[in-house]
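Me: Got a structure loaded here and want to go through it with you. Can we start with how the terms are used, then take the parts in turn?

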Amino acid sequence: MEMLNTTEIAREICRLRDEWKLDFWESIKDIAKHPVVLRMKLYPHHGNSSCYDHCIHVAYYNYQLCRFLGLDARSAARGGMLHDLFLYDWHTHTKRTGDHFHGLTHPRTALKNARKFFDLNHIEEDIIYRHMWPVTPFRIPHTMEGFITTCTDKYCGACETSRRKGRKKGRGI
Ligand SMILES: [Fe+2]
Ligand SMILES: [Fe+2]
């Protein structure tokens, strides 16, 4: 059996990384360029990230993890891109509407909006509707991709929030 040397292994890893990145973009580009989805850029989310930035981050980690695990990476990326399509600024939402339960209600709003503009499969619906679990204890994900999203969403949210803190102290990027 022919052994690969270190340079060939590094080259192969780079090739795979580029191929995965390209496939990730191919998987979500119709969503990422859609005018309704682009509106998420108007709404701040965690730290200095807009809702759009956050959804791209979740979609990317979803894709990477699901592809690595042999799951449906395309649906995981698409669901991730749409999981917070609630289309308002949640920081001022309570004051404007009296809804004190954005954390519980926004997955249903995002699913309703996403269904209006895209054909969703059951994995994408699961990701959007159940991504807040365990905050929504009765909405346990039914798919592995949905479960992974509950983790990537919280991970990305924490990173985005901490990046803002770092910036305030002059240590951030
Ligand atoms: Fe959310
Ligand atoms: Fe989120």
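Reply: One term before the details: helices are DSSP runs of H or I with at least four residues, numbered from the N terminus. The model is a predicted one.

Me: Fine. What comes just after H3, and what sign does its phi have?

Reply: Gly70 sits just after H3 and has a positive phi of about 75°.

Me: And what follows H5?

Reply: Gly98 does, again with a positive phi, near 85°.

Me: Back to H3. How many residues, and what does it span?

Reply: H3 covers residues 51–68, which is 18 residues. From first C-alpha to last it reaches 26 Å, close to the 26 Å expected at 1.5 Å a residue.

Me: Is H3 mostly covered or mostly open?

Reply: Mostly covered, with 13 of the 18 residues of H3 buried.

Me: Then H5, why does that one count as lying largely in the open?

Reply: H5 runs over residues 90–97, and of those 8 residues the number buried is 0, so H5 lies largely in the open. Buried here takes 20 or more other C-beta atoms within 10 Å.

Me: What about the chain overall, how much is buried?

Reply: Of its 173 residues, 34% count as buried. The secondary structure is 8 helices and 0 strands. The C-alpha atoms fill a box of roughly 65 × 45 × 30 Å along the principal axes.

Me: How much of the contact set joins residues at least 24 apart?

Reply: 60%, taken among contacts between residues at least 6 apart in sequence.

Me: Now packing. At what angle do H1 and H3 cross?

Reply: The axes of H1 (residues 6–32) and H3 cross at roughly 120° and come within 11 Å. H1 and H3 are therefore oblique to each other. Their crossing is right-handed.

Me: Which residues make that contact?

Reply: On the H1 side, Trp20, Phe24, Ser27 and Ile28; on the H3 side, Ala59, Tyr60, Tyr63, Gln64 and Arg67. By type, the residues of the H1 and H3 contact divide into 6 nonpolar, 2 polar and 1 charged.

Me: Different topic: where is His142?

Reply: His142 is in the loop between helix H7 (122–130) and helix H8 (144–168).

Me: And why is His142 classed as partly exposed?

Reply: Because His142 has 14 C-beta neighbours inside 10 Å. The exposed class stops at 12 or fewer and the buried class begins at 20.

Me: How far is Asp126 from His142?

Reply: 6.6 Å in space, C-alpha to C-alpha, with Asp126 and His142 16 residues apart in sequence.

Notes
Residues numbered from 1 in each chain as written. Chains lettered and ligands numbered in written order. Predicted model: local features only at pLDDT ≥ 70, side-chain atom pairs only at ≥ 80, totals over all residues. Helix = DSSP H or I, 4+ residues; strand = E, 2+ residues; numbered from the N terminus. Expected span 1.5 Å × (residues − 1). Contact = placed C-beta atoms within 7 Å. Axes fitted to C-alpha atoms, helices over the stretch in contact; angles between N-to-C directions. Parallel < 35°, antiparallel > 145°, perpendicular 65-115°, else oblique. Left-handed = near helix turned anticlockwise from the far one by under 90°. Nonpolar A, V, L, I, M, F, W, Y, C, P; charged D, E, K, R; others polar.
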